[in-house]
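Here are some worked exercises to try with the coordinates open in your viewer. Have a go at each task before you read its solution.

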Amino acid sequence: MHITIDEEKCCAAGQCVLAAPEVFDQRDDDGIVVLLDADPPEAQHAAARDAAAVCPAAAILVRE
């Protein structure tokens, strides 16, 4: 799995952090997503997929 984010699309909703806190965080100043692990371990795959699915801005792309 490889994850990319489009910061331009991010609306700082924070749903990704709630779904996968080991993979995503948010910048303190504006809440934009921060990718902590672009190639997360298998144990985080389901959470990363969930985060991409709940992102209201579709800013997260997960490639298997």
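**Exercise 1. Work out whether I60 is buried or exposed, then place it in the fold.**

Step 1. This is a predicted model, so every value below is computed from predicted coordinates. The relative accessibility of I60 is 10%.

Step 2. The cut-off for buried is under 20% relative accessible area, and exposed means over 50%. I60 therefore counts as buried at its 10%.

Step 3. Now find the element: I60 sits in strand 4, which covers residues 60-63.

Step 4. Look for partners beyond four places in sequence. I60 touches I3, T4, I5, C16, F24, A51, A52 and C55.

Step 5. For a distance check, try D50. I60 and D50 are 10 residues apart in sequence, and their C-alpha atoms are 10 Å apart in space.

**Exercise 2. Which residues of the largest nonpolar core touch the most other members, and which helix gives the most to this core?**

Step 1. Start with the background: nonpolar side chains tend to be buried together in soluble globular proteins.

Step 2. The largest nonpolar core here holds 18 residues, and those touching the most other members are I3, C16, A20, F24, A51 and I60.

Step 3. Two elements give two or more residues to this core: helix 1 (15-19) and helix 2 (45-54). Helix 2 gives the most, with four residues.

Step 4. Follow I3 outward, again skipping residues up to four places away in sequence. Its contacts include V23, F24, L35, A48 and I60. D37, A38, P40, L61 and V62 are also among the residues that I3 touches.

**Exercise 3. Trace the contacts between T4 and L61, and classify both by accessibility.**

Step 1. Assign the elements: T4 lies in strand 1, while L61 is in strand 4.

Step 2. List the partners beyond four places in sequence. T4 is in contact with A59, I60, L61 and R63. From the other side, L61 touches H2, I3 and T4.

Step 3. Classify. Partly exposed covers the range between the 20% and 50% cut-offs. T4 comes out at 27% relative accessibility, so T4 counts as partly exposed. L61 has a relative accessible area of 45%, so L61 is partly exposed too.

Step 4. Pick two C-alpha distances to get a feel for the layout. T4 and A46 are 42 residues apart in sequence and 16 Å apart in space. L61 and E42 are 19 residues apart in sequence and 16 Å apart in space.

**Exercise 4. Where do A12 and A58, each with a positive phi, sit in the chain?**

Step 1. Check the backbone angles. A12 has a positive phi of about 65 degrees although it isn't a glycine. A58, not a glycine either, has a positive phi of about 55 degrees.

Step 2. Locate them. A12 is in the loop between strand 1 (2-5) and helix 1. A58 is in the loop between helix 2 and strand 4.

Step 3. Add accessibility. At 26%, A12 counts as partly exposed, and A58 counts as partly exposed at 47%.

**Exercise 5. Is H45 buried or exposed, and what does H45 touch?**

Step 1. H45 belongs to helix 2.

Step 2. The relative accessibility of H45 is 13%, so H45 counts as buried.

Step 3. Leaving out residues up to four places away in sequence, H45 touches M1 and P40.

Step 4. Compare that with D6, which is 39 residues from H45 along the chain: their C-alpha atoms are separated by 19 Å.

**Exercise 6. Describe the chain as a whole, from its secondary structure to its charges.**

Step 1. Count the elements: the chain has two helices and four strands. In sequence order the pattern is β-α-β-β-α-β.

Step 2. Test the packing. The radius of gyration is 10 Å, close to the 11 Å that the globule rule gives for 64 residues, so the chain is as compact as a globular protein of that length. Its C-alpha trace spans about 30 × 20 × 15 Å along the principal axes.

Step 3. Look at burial and contacts. Of the 64 residues, 34% count as buried. Among contacts between residues at least 6 apart in sequence, 55% join residues at least 24 apart.

Step 4. Finish with the surface and charges. The accessible surface comes to about 3,800 Å², with 48% of it belonging to carbon and sulfur atoms. There are 4 positive and 13 negative side chains, and the centres of the two sets lie 8 Å apart.

Notes. Residues numbered from 1 in each chain as written. Predicted model: local features only at pLDDT ≥ 70, side-chain atom pairs only at ≥ 80, totals over all residues. Heavy atoms only, no water. Rg over C-alpha atoms; globule rule 2.2 N^0.38 Å. Buried < 20%, exposed > 50% of the residue type's maximum accessible area, 1.4 Å probe, protein only. Contact = heavy atoms within 4.5 Å. Areas by Shrake-Rupley, 256 points an atom, 1.4 Å probe, with all protein chains shown as cover. Lys, Arg positive; Asp, Glu negative; His and termini not counted. Charge placed at Lys NZ, Arg CZ, Asp CG, Glu CD. Core = buried A, V, L, I, M, F, W, Y, C linked by side-chain atoms within 4.5 Å.
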